[in-house]
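Grab a viewer and a notepad: here are a few exercises to work through. Try each task before reading its solution.

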Amino acid sequence: MPEAGDTAELIVRPARGEDVAGIDSLLRACFARADEADLVRQLCVDGAMVLMMVALDGTTGAIVGAVAFSRMAVTVDDRAIPAVALAPLAVSAAYRRRGVGEALVQAGLDRLEAERAVLCFVLGDPGYYRRFGFHEDYARNFVSPYAGDALLALPLQGGLMPCGVRGDARHADAFAMLGAG
Ligand SMILES: CC(C)(COP(=O)(O)OP(=O)(O)OC[C@H]1O[C@@H](n2cnc3c(N)ncnc32)[C@H](O)[C@@H]1OP(=O)(O)O)[C@@H](O)C(=O)NCCC(=O)NCCS
């Protein structure tokens, strides 16, 4: 069954057990350190992974992109709200700048929205992530060890989370293994 984001050459779908080795190789190739591959492995072991989407070359079947979303502990006014962290996102070098990253992120966000997630955080380059609606203003008033200009958030559910809302945002424990967060 085709997923949103498919093109004639690209298939975007949730990851399956058989994709584990391909995702691991992709992450080790895309990042200078093994941290991101180790992060994904630990998130899965800890039961903190909420959703992984993969992009496959429709001709070869090779995994050429992946994005992970993990469970966060987020509270607003001392009430827990359903929130996730996007990390990591990776696209094989030969497939970049053709919208693979965008298709992966958007397909993941659409699924999470349908599953009632309210807020998605990302620690990344605002120049890339603002195109999806992520903004530092949504994250600024959350207490987090990663607080700063690179911590962005995106309200899901039609933007019901008001800008400037205050709270606590705690990433899954596995993030502590990342050198720079
Ligand atoms: C970042 C990455 C996932 C983008 O994948 P992609 O499939 O090329 O992304 P898209 O095709 O959807 O978007 C490409 C656009 O994003 C821009 N872009 C890529 N990385 C960017 C960054 N760090 N900051 C700003 N813009 C960026 C490209 O210049 C391009 O712009 P254009 O559309 O105006 O030409 C890919 O470059 C990658 O895997 N990089 C190595 C791993 C990494 O850094 N991951 C992100 C961790 S937060």
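The exercises below go from the overall fold to single residues, and the model they use is a predicted one.

**Exercise 1. Sketch the fold.** Work out how many helices and strands the protein has, and in what pattern they follow along the sequence.

*Solution.*
- Step 1: count the elements. You should end up with five helices and eight strands.
- Step 2: read along the sequence. The pattern goes β-α-α-β-β-β-α-β-α-α-β-β-β.
- Step 3: check the compactness. The radius of gyration is 16 Å, close to the 16 Å from the globule rule for 181 residues, so the protein is as compact as a globular protein of that length.
- Step 4: get the extents. The C-alpha trace spans about 50 × 35 × 30 Å along its principal axes.
- Step 5: look at burial and contacts. Of the 181 residues, 38% are buried. Take the contacts between residues at least 6 apart in sequence: 67% of them join residues at least 24 apart.

**Exercise 2. Pack two helices.** Find how the axes of α1 and α2 are arranged, and which residues make the contact.

*Solution.*
- Step 1: fit the axes. Helix α1 covers residues 20–30 and helix α2 covers residues 35–46; their axes come within 7 Å and cross at roughly 150°.
- Step 2: classify the angle. Angles over 145 degrees count as roughly antiparallel, and α1 and α2 are therefore roughly antiparallel to each other.
- Step 3: list the contact. From α1 come Ile 23, Asp 24, Leu 27 and Arg 28, while α2 supplies Glu 36, Ala 37 and Val 40.
- Step 4: sort by class. That contact has four nonpolar residues, three charged ones and no polar ones.

**Exercise 3. Map the ligand shell.** How many residues surround the ligand, and which are the closest?

*Solution.*
- Step 1: collect the shell. There are 17 residues around the ligand, and the closest are Arg 96, Gly 101, Glu 102, Gly 124 and Gly 127.
- Step 2: assign elements. Those giving two or more residues are β4 (79–91), α3 (100–114) and α4 (126–129).
- Step 3: pick the top contributor. Strand β4 gives the most, with four residues.
- Step 4: split by class. The shell has eight nonpolar, four polar and five charged residues.

**Exercise 4. Hunt for backbone oddities.** Scan the backbone for a cis peptide bond and for positive phi in residues other than glycine.

*Solution.*
- Step 1: check omega. The peptide bond from Ala 87 to Pro 88 is cis, with omega near -10°. Pro 88 lies in strand β4.
- Step 2: check phi at Asp 77. Its phi is positive, about 50°, though Asp 77 isn't a glycine. You'll find Asp 77 in the loop between β3 (63–76) and β4, and it is exposed, with 8 other C-beta atoms within 10 Å.
- Step 3: check phi at Arg 97. The value is positive here too, near 60°. Arg 97 sits in the loop between β4 and α3. Arg 97 is exposed, with 7 other C-beta atoms within 10 Å.

**Exercise 5. Place one more loop residue.** Is Asp 125 buried or exposed, and where does it sit?

*Solution.*
- Step 1: locate it. Asp 125 is in the loop between β5 (119–123) and α4.
- Step 2: count neighbours. A residue is exposed at 12 or fewer; Asp 125 has 11 C-beta neighbours inside 10 Å and so counts as exposed.
- Step 3: take a distance. Asp 125 and Val 74 are 51 residues apart along the chain, and their C-alpha atoms are separated by 22 Å.

Note on methods. Residues are numbered from 1 along each chain as its sequence is written. This is a predicted model: local features need pLDDT of at least 70, side-chain atom pairs count only at pLDDT 80 or more; totals for chains, interfaces and linings use all residues. Axes are lines fitted to C-alpha atoms, for helices over the stretch in contact, and angles run from 0 to 180 degrees between N-to-C directions. Angles under 35 degrees count as roughly parallel, over 145 as roughly antiparallel, 65 to 115 as roughly perpendicular and the rest as oblique. Two residues are in contact if their C-beta atoms, placed from the backbone, lie within 7 Å. Ala, Val, Leu, Ile, Met, Phe, Trp, Tyr, Cys and Pro count as nonpolar, Asp, Glu, Lys and Arg as charged, and the others, Gly among them, as polar. A residue is near a molecule or strand if its C-beta atom, placed from the backbone, lies within 6 Å of it. A residue is buried if 20 or more other C-beta atoms lie within 10 Å of its own, exposed if 12 or fewer, and partly exposed in between; C-beta atoms are placed from the backbone. The radius of gyration is taken over C-alpha atoms; the globule rule is 2.2 Å times the number of residues to the power 0.38.
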